[in-house]
Amino acid sequence: MRITDEVAEAIAEGRPVVALESTIISHGLPQPRNLQVAAELEATVREAGAVPATIAVLDGVPRIGLDKEGLERIATEPGLRKLGFRDLAPAAALGLSGATTVSGTSFLAARAGIRVFATGGLGGVHRDWTTVQDESADLDTLSRTRITVVCAGVKSILDVPATLQRLETRQVGVVGYRTDQFPGFYLHTSGEPVDWRIETPEEAAGIMRAQDALGGPETALIVANPVPVADQLDPALHDRVLAEALAAADAQGVTGQAITPFLLEYLVNGTGGASLEANLAAVRGNAGLAGRIAAAFSREG
């Protein structure tokens, strides 16, 4: 791995660092807005008192923290692959470049000694799992990676109750940040309850310390931070367009890895871009909260 000097020094000195994924830059946003948002998220982490470390693989080398040139490559280079954990070794061996997903980012961040990671929404169990058995690799990686992930729940195109059940089975802790209900990614709530609620970044840091003190499996902690009600996608619009997207995917035979980008793009188009704005509002909030949690964890250490 290649770690920038700033990130390496912060890790060595025990100062707060927040990992950021790169797929939102390469695949989640149109140009040139993607590069603007990448810089904005890093600035948000800094304002919260932490050092940002956007993670990607460039020319086969995992990069922990990107300079201006690296961010521009992720934002503009055509043909970049999405790299989950399983893809990291082939990309390294073949000298390829790619943006890291939640599973890839979580693994590389933890390997580098970074404890807090901000993203938009997690992957999870897909609808009709009993037929297709499609489940995101995010869940498996989080079941064996000691990292705290600040997110707005799981993508609402998924089977949220089944995903929560799977996280429970894999011993991944889930706490709601100032909420008793699991967020719905674009929506303030999915309607599903969470067992634990916290009110402050310091409480999240305390749970992280308790994880370390208790030992046991190296599982993640998910801090579910809902998008504000004022910034959420209109629930009725969301439900209508998602139903249309699912029907379109079924009619066109879209399955496997193609299903998620198909549904997300359909939502963006079908909501006139409103789903994208809700996604960005969630990511911004998560980056700021992750910075505050990392700072609290560093202070306690």
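Contact here means heavy atoms within 4.5 Å of each other. With that in hand, and keeping in mind that this is a predicted model, let's start with a lysine.

**Lys 155 and its surroundings**

Lys 155 sits in the loop between β8 (148-151) and α9 (160-169). Setting aside neighbours within four places in sequence, Lys 155 is in contact with Gly 121, Leu 122, Gly 123, Phe 185, Thr 260 and Leu 264. Which side chain of opposite charge is nearest to Lys 155? That would be Asp 138, 5.6 Å away. A salt bridge needs the nitrogen and oxygen within 4 Å, and Lys 155, although buried, has none.

Several of those contact partners turn up again elsewhere. Leu 122 is one of the residues with the most contacts inside the largest nonpolar core. Thr 260 and Leu 264 are among the buried residues of helix α12. Phe 185 is in the loop between β9 and β10, and at 3% relative accessibility it counts as buried because the cut-off is under 20%. Phe 185 also has a positive phi of about 65° despite not being a glycine.

**Helix α12**

Helix α12 covers residues 259-270, so to speak a 12-residue piece, and spans 16 Å from its first C-alpha to its last, close to the 16 Å expected. Besides Thr 260 and Leu 264, its buried residues are Ile 259, Phe 262, Leu 263 and Leu 267. An α-helix has 3.6 residues a turn, so residues three or four places apart point the same way. After α12 comes Gly 272, with a positive phi near 65°.**Salt bridges**

The model has 17 salt bridges. Three of them are set out here.

| Pair | Closest N to O distance | Accessibility values |
|---|---|---|
| Arg 73 and Asp 59 | 2.9 Å | Asp 59, 48% |
| Arg 197 and Asp 180 | 3.0 Å | Arg 197, 39%; Asp 180, 44% |
| Arg 299 and Glu 202 | 2.8 Å | Arg 299, 56%; Glu 202, 37% |

Take the pair of Arg 73 and Asp 59, which form a salt bridge. Arg 73 belongs to helix α4 (residues 68-76), while Asp 59 is in the loop between β3 (51-58) and β4 (61-64), 14 residues away in sequence. Glu 77 joins in too, since Asp 59, Arg 73 and Glu 77 are linked in a network of salt bridges.

The salt bridge between Arg 197 and Asp 180 ties together parts that are 17 residues apart in sequence, because Arg 197 is in strand β10 (residues 196-198) and Asp 180 is in the loop between β9 (173-177) and β10. That loop also holds Arg 178, which has a positive phi of about 55° although it is not a glycine.

How many residues apart in sequence are the parts tied together by Arg 299 and Glu 202? The answer is 97, with Arg 299 in helix α13 (residues 274-300) and Glu 202 in helix α10 (residues 201-214). Arg 299 is exposed, whereas Glu 202 is partly exposed.

**The nonpolar cores**

The largest nonpolar core has 54 residues. Along with Leu 122, the residues with the most contacts inside it include Ile 64, Ile 114, Leu 142, Phe 182 and Ile 222. Not counting residues up to four places away in sequence, Ile 114 touches Val 7, Ile 11, Val 17, Val 18, Ala 19, Ala 53, Ile 64, Ala 109 and Ile 147. Apart from this core lies another, of 38 residues, with Val 37, Val 283, Leu 289 and Phe 297 among them.

**A few more spots to look at**

Is Thr 105, with a relative accessible area of 0%, buried or exposed? Thr 105 is buried, and its place is in helix α6 (residues 102-112). Beyond its neighbours within four places in sequence, Thr 105 is in contact with Ala 19, Leu 20, Glu 21, Ile 55, Thr 100 and Phe 117. Ala 19 is also on the list of residues that Ile 114 touches.

Asp 134 is covered by a "binding site" annotation in an unreviewed UniProt entry. You'll find Asp 134 in the loop between α7 (129-132) and α8 (137-142), partly exposed at 21% relative accessibility.

Ala 247 is in helix α11 (residues 235-252) and is partly exposed at 47%. Its C-alpha is 50 Å from that of Gly 14, which is 233 residues away along the chain.

Finally, the backbone. Most residues other than glycine have a negative phi, and most peptide bonds are trans. Where is Pro 32? It is in the loop between α2 (23-26) and α3 (33-47), and a cis peptide bond with omega of about 0° joins Gln 31 to Pro 32.

How values were computed:
Residues are numbered from 1 along each chain as its sequence is written. This is a predicted model: local features need pLDDT of at least 70, side-chain atom pairs count only at pLDDT 80 or more; totals for chains, interfaces and linings use all residues. Side-chain values use heavy atoms; hydrogens and water are left out. Helices (H or I, at least four residues) and strands (E, at least two) are DSSP runs, numbered from the N terminus. The expected span of a helix is 1.5 Å times one less than its number of residues. Buried means under 20% relative accessible area, exposed over 50%, partly exposed in between (1.4 Å probe, protein chains only). A nonpolar core is a set of buried Ala, Val, Leu, Ile, Met, Phe, Trp, Tyr and Cys residues joined through side-chain atoms within 4.5 Å. UniProt positions are given in the numbering used here, feature names are shortened, and annotations may be inferred rather than shown by experiment. Lys and Arg count as positive and Asp and Glu as negative; His and the chain ends are not counted.
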